[in-house]
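Grab your viewer and work through these short exercises. Each one comes with a solution you can check as you go.

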Amino acid sequence: MTPYIDKYLKSIKEPSRVFYNFSALKGQTRVGKEGLHFYSSKVTLIFSSNDPALVESLVNQLFNETEVHLGKLILNPINVDQEQLADFTNEMKYICLSPLAIITPQDNPVDAKRFINPSFDVFSDALYENTLNRMERAGSTPDEIAQYFQFQLVPDKEYLTKIKGEEKKFARIFPVFIDDEKYEVRGYTFPFTFYAHPKVQEFVFTCGFGVFGEKGFGMLDIANTDPNLRIVPYPIKKKE
């Protein structure tokens, strides 16, 4: 999905200020010898950005195509909904819709794959540095950045204990392609409470948390809520 989305960034005047995030296709699936097979008649893609122009461009381009080819999958666009933003506070509980990665292989190939306990300060510190850098690039002023000193991720200990007891994993190695070169990065999937300024909460929810948001990592959803209660129809502009 990444190449399909990337080509529409050309229509944005200041791409360095634009951040976006998207989920994997959601539907009934089964893993086969040739990869992931979809068995549902409908699939869903969640896309988010801090720039409404990018969202509008992508939606309009998508719905002006009769078919969208993703590998061997042929999709026909049907409808799109817009999720209204929640009322963000200094304390929010999230679940991971896609793996959360905290270190890029370019910065440190070894640490990018190494397991780091989410309860350790170094985990939150890596997210803090990445998030504040991106917010500064997105246009936050030094005075605004100075207000964002509160920043702490606290994993759901009950969930991690349950996963450990069931001998399941919440952290795995994932491939990621950068300029057509394959790298590996560790991604984490677990619920957590995040303490930060409401503007920081809105940014990570909208633009993704951690590194490689533009490649589908770090998409969040608010825990214990039904996102369907926050959606409204999104206007589509089709070519005549």
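**Exercise 1.** In this predicted model, find what covers the buried residues of helix 4.

*Solution.* Start with the helix itself, residues 121-137. Its buried residues are F123, S124, A126, L127, N130, T131, L132, R134 and M135. Now look at what packs over them: the cover includes helix 5 (142-146) and helix 7 (198-207), along with strand 9 (151-155) and strand 11 (181-188).

**Exercise 2.** Check whether the end-to-end distance of helix 4 agrees with or departs from its expected span.

*Solution.* Helix 4 has 17 residues, and at 1.5 Å a residue they should span 24 Å. The definition multiplies by one less than the number of residues. Next, take the end C-alpha atoms: they sit 24 Å apart, so the two values agree. Step just past the helix and you meet G139, with a positive phi of about 120°.

**Exercise 3.** Search the whole structure for cavities of 30 Å³ or more, then describe the lining of the largest.

*Solution.* The search turns up 1 cavity, and the largest holds about 30 Å³ of space. Its lining consists of I102, I103, D111, A112, R114, I116, R186 and Y188. Sort those by class and you get 5 nonpolar, no polar and 3 charged residues. Then map them onto elements: helix 3 (109-113) and strand 11 each give at least two.

**Exercise 4.** Where is confidence lowest, and where is it highest?

*Solution.* Begin with the average pLDDT, 86, with 88% of the residues scoring at least 70. Helix 1 (residues 2-6) is at the bottom with a mean of 58, while strand 12 (residues 192-196) tops out at 98. Where pLDDT is low, don't read the predicted coordinates in detail.

Key: Residues are numbered from 1 along each chain as its sequence is written. This is a predicted model: local features need pLDDT of at least 70, side-chain atom pairs count only at pLDDT 80 or more; totals for chains, interfaces and linings use all residues. Side-chain values use heavy atoms; hydrogens and water are left out. pLDDT is the predictor's confidence in each residue, from 0 to 100. Helices (H or I, at least four residues) and strands (E, at least two) are DSSP runs, numbered from the N terminus. Buried means under 20% relative accessible area, exposed over 50%, partly exposed in between (1.4 Å probe, protein chains only). Contact means heavy atoms within 4.5 Å. On a 1 Å grid over the protein atoms alone, a cavity is a set of points where a 1.4 Å probe fits but cannot get out, and a pocket is an open set with protein on both sides within 12 Å along at least five of seven lines; lining residues have an atom within 4 Å of a point. Grid points are joined across faces, edges and corners, and a volume is the space filled by probe spheres set on the points. Ala, Val, Leu, Ile, Met, Phe, Trp, Tyr, Cys and Pro count as nonpolar, Asp, Glu, Lys and Arg as charged, and the others, Gly among them, as polar.
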